[in-house]
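This report walks through one protein model, part by part. Please look at the sequence and the structure below before reading on.

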Amino acid sequence: MKFKLETNFKLSVDQKKAVQKLTKGLDEGYKHQTLLGVTGSGKTFTMANIIQKVQRPTLIISHNKTLAAQLAEEFQKFFPHNAVCYFVSYYDYYLPESYIPQTDTYIEKETSINEEIDRLRHFATQSLLSRRDVIIVASVSCIYGLGDPSEYENIHFDISVGQKISREEIFKHLIDMQYSRNEIDFRRGTFRSTGSVIDIFPVFSVSEIYRIHLEFNKVKSIQIINPLTMVTEKEVNDVSIYPATHYIAPQEKIDNILKQIQKDKEKEVKEFLKKGKNLEAERLKRRVEYDIEMIRQTGYCNGIENYSRYFDGRKPGEPPYTLLDYFPDDFLMFIDESHITIPQIKAMYEGDKSRKNSLVNFGFRLKAAYDNRPLKFKEFEQRINQVIYVSATPGEYELKKSQQIVEQIIRPTGLLDPKIIIKKTENQIQDLITEIHIRTDKNQRVLVTTLTKKTAEYLSEYLQDEGIKAYYLHSEIDTFDRVEILYNLRQGMYDVVVGVNLLREGLDLPEVSLVAILDADKEGFLRSETSLIQTMGRAARHIDGTVIMYADTITKSMKKAIKEVERRRKIQEEYNKKHNIKPQSISKEIREGILKYTNKKKKEKIKIDIPENIDKYELVYMIENLRAQMKMAAENLEFEKAASLRDKIKELEQIQKKSSKDKKQKYSSLKAVIKE
C-alpha cells in the first residue's frame, strides 16, 4: 500500500513552503536538513505531508517515551490505513547489572518488562520486513542492539493452504522460533494443539490467533480466531509467523557458538591468572560455565544479551544490529526535538561502557559484554540515509550539518507566542495558587516546572491540600502512567501538572494557558536559553497563553529567551495584521492514544459473544483463557477488569453445567427406553 494522508487540515502558507523546500532537498540528495518550526506551527502535519510526498519507510526519533507515544497517536490519525508503529524500551523498571569496587558490591540486573510495549516492538519489526508503508516512532532505544534482521527474517515460517507439512514439523518450526507449547495459559508467543488442529498466538498480536487445520499431513484451512471469544473472524490462504524474540540463532549454530564462548572464557581466565587475580579468574570461570550450560539446556540464560556478539556472528568491536538495520536503504529519518535528542544519542555509548568496565575488569563478564551496547555516534551517522532535524531551537550540530534550514514561524491559527511576566520569588507559591484559580475558573489548565523531582512531588501534594486537582510528572513515572496523566489533564481530571524537564519539549496540550517556571534565574541545563524557550512554548497553543517566571534576577539565558520569543511574536503579529487573521486557540480531539491506557478502558465491561451450540471443548478453552486473563488483570491491580472476567467465567460455567445436566437427562431417558 501507499501512504495515504487523511485529514481535514489544509497546509498554511508557511507549512506549504516548508514541505516544498524540504521535499526538493530530499529529491536533490541533501543528507541533512533542518525544519526550524515554532511551537504550534504544525510541524507534525508538515512531516506527515513530506512522508506522503516521498512515499518512503520513515523513522521518527523522539527523546522520550511520552512524546513518542503522542507522535505515534498523531501519525495514526493522519495515516489510518498504513502501519504506524511505536518502538520504545520495553522496560517499565530497569536496574542494570553493575559492580562497585569501592564497597565490593555486585548488583544483579532487575527488570520489569511491559508486555504491551514488547508486542508493539515486534509489530514494528515485522511490519518493516513485510511492507513499505511503515512509519515507526521510536525513542533513542532504537540505537540499542536488537538481533540480526537477516536471521530474524530467514527463520520466520510461512504456512499456506494446500502445503504438505506434518504436525510435528510445525511444532519444530515454532519451538525453533522460541514459541512454547501451553494448553492452559494460552498467550502471545505460545501454541496449543488438539488432534489435527493447531492454534498459534502470534507474538505481535492481542486480537487474533491462527488456527491451522491439518488433514493427512496437509494444510486444509487457516482461520483467524478471536482469542477471547474463539469465534472465527475470517479464513485466509496463508500466514507468516515471525520469531517470539529478536535474539534468535538457528539450532545448528548453537554448538559452535558455545565452543567460541568456552574458548574466550579459557583465554580470559588465563589472563587473570597471569596477573595474579585468582578470585576474578574463578568468578569468571564459574559464571560463564553456568551460562553455557543454561543456554545448552534451555536456549537462554540470565544476561544472554552479553553474549549477543556470538549469536550475531560479529567480530569484537563491531557495532550491534539495531532497529535502523531493519529499514531499507532508502528510508527517511526525522529527529524530533533534535536539540535534545542528538546530545542524548551522543551520550549513550560512553555511559554504557563506563558501567561495563567494572564488570569485565573484576571477572563478572567476558569482554564480549562490551559489544552488547548502543551505537557510537559515528556509527549512528553512518546509518543515516537522509534526515530532517525538527526543533524550535535547533542545536549547533544540526545547524552546522544541514545543507538547508527551513523556518516555519507562522502559526496557521494566528496564535502569538505567550506573554511573559517576571515576578519575584517572595510568596511565589501563594501567588501561583492565585494564578491557578484564575485559570481553573475558566476551565483552563496549568503546567508548573521545578528543578527537582522531590520539589515536583512536594508541590503537587501541597496544591492538593489547597483543594487544587494537581499531580506530578517526572522520569520515574511508568510509561503508561505518564500518558494517562497527560490524558487526564486534558480531560479535566487534573487542573495542574507539576514536573521537571518532561514538561519542556513537544507536549501538545491545547488546554494549557499558563506555564509557571519556578527558579527561572538558576542558570544551568534546565534554565538555559533553549530550555526556557521550549518551556514557554507549552503555553503557545492557547489564545490566553502566558508564562510567569519567578526570579529575583534576570540571567543571560532569560534575556536571550525573552528576546527570541518577542521576535517570533512580532513576526506573527505582522502576518496576522497583513492577512486580517484573528488568533484562535488550537482545537484538538482528546484521544486515548497509542497505549490505550485510560480510565475508560479500565472500567469498560468485558463483552463476549457466546456462539449458539458451542462445542464443549471450545467452552473449556474459553473458560481457561478467561481464567488466565483474570489472573493477569488481578496481578496488574486491574480489579474491575478481573471482576468482569470472573462474572463471564461464572456465566460460561453455568452453560457448561446446563449442557452436562441436559446430557445426563438424555442418558437417563435413553436407559429407561432400553429397559422398557
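Which residue in S19 is the bridge partner of Gln 33? The partner is Gln 404. The model in view is a predicted one, and the sections below start from its overall make-up and then return to the sheet that holds this pair.

## Overall make-up

The protein has 676 residues, and 53% of them are buried. Its secondary structure consists of 20 helices and 25 strands.

Contacts between residues at least 6 apart in sequence can be sorted by how far apart their partners lie along the chain. Of these contacts, 74% join residues at least 24 apart.

## The parallel sheet

Seven strands make up an open sheet with parallel pairing, and their order is S3-S8-S2-S17-S18-S1-S19. At its edges are S3 and S19 (404–408), each of which pairs on one side only. On average, neighbouring strands in this sheet are turned by 20° against each other, with direction ignored. Helix H4 (residues 115–130) packs on the sheet, where it touches S3 and S8. The direction of H4 makes about 135° with that of S3.

At one edge, S19 runs parallel to S1 (residues 32–37), and 5 bridges join the two strands. The pair of Gln 33 and Gln 404 belongs here, with Gln 404 in S19.

## Strand S3 at the other edge

S3 covers residues 83–87, and 5 of its 5 residues are buried. In a regular strand, side chains alternate between the two faces of the sheet. In S3, one side carries Ala 83, Cys 85 and Phe 87, while Val 84 and Tyr 86 are on the other. Both faces are covered, as the residues on each side are buried.

S3 pairs with S8 (residues 134–138) in the parallel sense, over 5 bridges. Within this pairing, Phe 87 has Ala 138 in S8 as its bridge partner.

## The mixed sheet

A further open sheet has 6 strands in the order S10-S11-S12-S13-S14-S15, and its pairing is mixed. Its edge strands are S10 (180–181) and S15 (232–236), and each of them pairs on one side only. Helix H6 (residues 167–176) packs on this sheet and touches S10, S11 (190–194), S12 (197–201) and S13 (209–214). Between the directions of H6 and S11 the angle is about 165°.

S14 (residues 219–225) is antiparallel to S15, and 4 bridges connect them. Ile 222 stands opposite Val 236 in S15, and Ile 225 stands opposite Thr 232 in S15. The two strands form a hairpin with 6 residues between them. In the turn, Met 230 has a positive phi of about 65°.

## Two aspartates with positive phi

Asp 104 is not a glycine, yet its phi is positive, at about 50°. This residue lies in the loop between S5 (98–100) and S6 (105–107). Asp 104 counts as exposed because its relative accessible area is 52%, and the cut-off for exposed is over 50%.

Asp 519 also has a positive phi, near 55°. Its place is the loop between S24 (512–517) and helix H16 (529–536). Is Asp 519 buried, partly exposed or exposed? Asp 519 is partly exposed, because its relative accessibility is 24%.

## A buried glutamate

Glu 379 is part of helix H11 (residues 377–382). With a relative accessibility of 10%, Glu 379 counts as buried, since buried means under 20%. Leaving aside residues up to four places away in sequence, Glu 379 touches Pro 319 and Arg 373.

## Cavities

How many cavities of 30 Å³ or more does the structure hold? There are 3. The second largest of them has a volume of about 40 Å³.

The lining of the second largest cavity is made up of Val 38, Thr 39, Ala 392, Arg 411, Asp 417, Ile 533, Met 536, Gly 537, Val 565 and Arg 568. By type, the lining residues comprise 5 nonpolar, 2 polar and 3 charged. H16 and helix H17 (556–579) each contribute at least two residues to this lining.

Methods:
Residues numbered from 1 in each chain as written. Predicted model: local features only at pLDDT ≥ 70, side-chain atom pairs only at ≥ 80, totals over all residues. Heavy atoms only, no water. Buried < 20%, exposed > 50% of the residue type's maximum accessible area, 1.4 Å probe, protein only. Pairing = 2+ DSSP bridges. 1 Å grid on protein atoms, 1.4 Å probe; cavity = no way out; pocket = protein on both sides within 12 Å on 5 of 7 lines; lining within 4 Å. Points joined across faces, edges and corners; volume = space filled by probe spheres on them. Nonpolar A, V, L, I, M, F, W, Y, C, P; charged D, E, K, R; others polar. Contact = heavy atoms within 4.5 Å. Axes fitted to C-alpha atoms, helices over the stretch in contact; angles between N-to-C directions.
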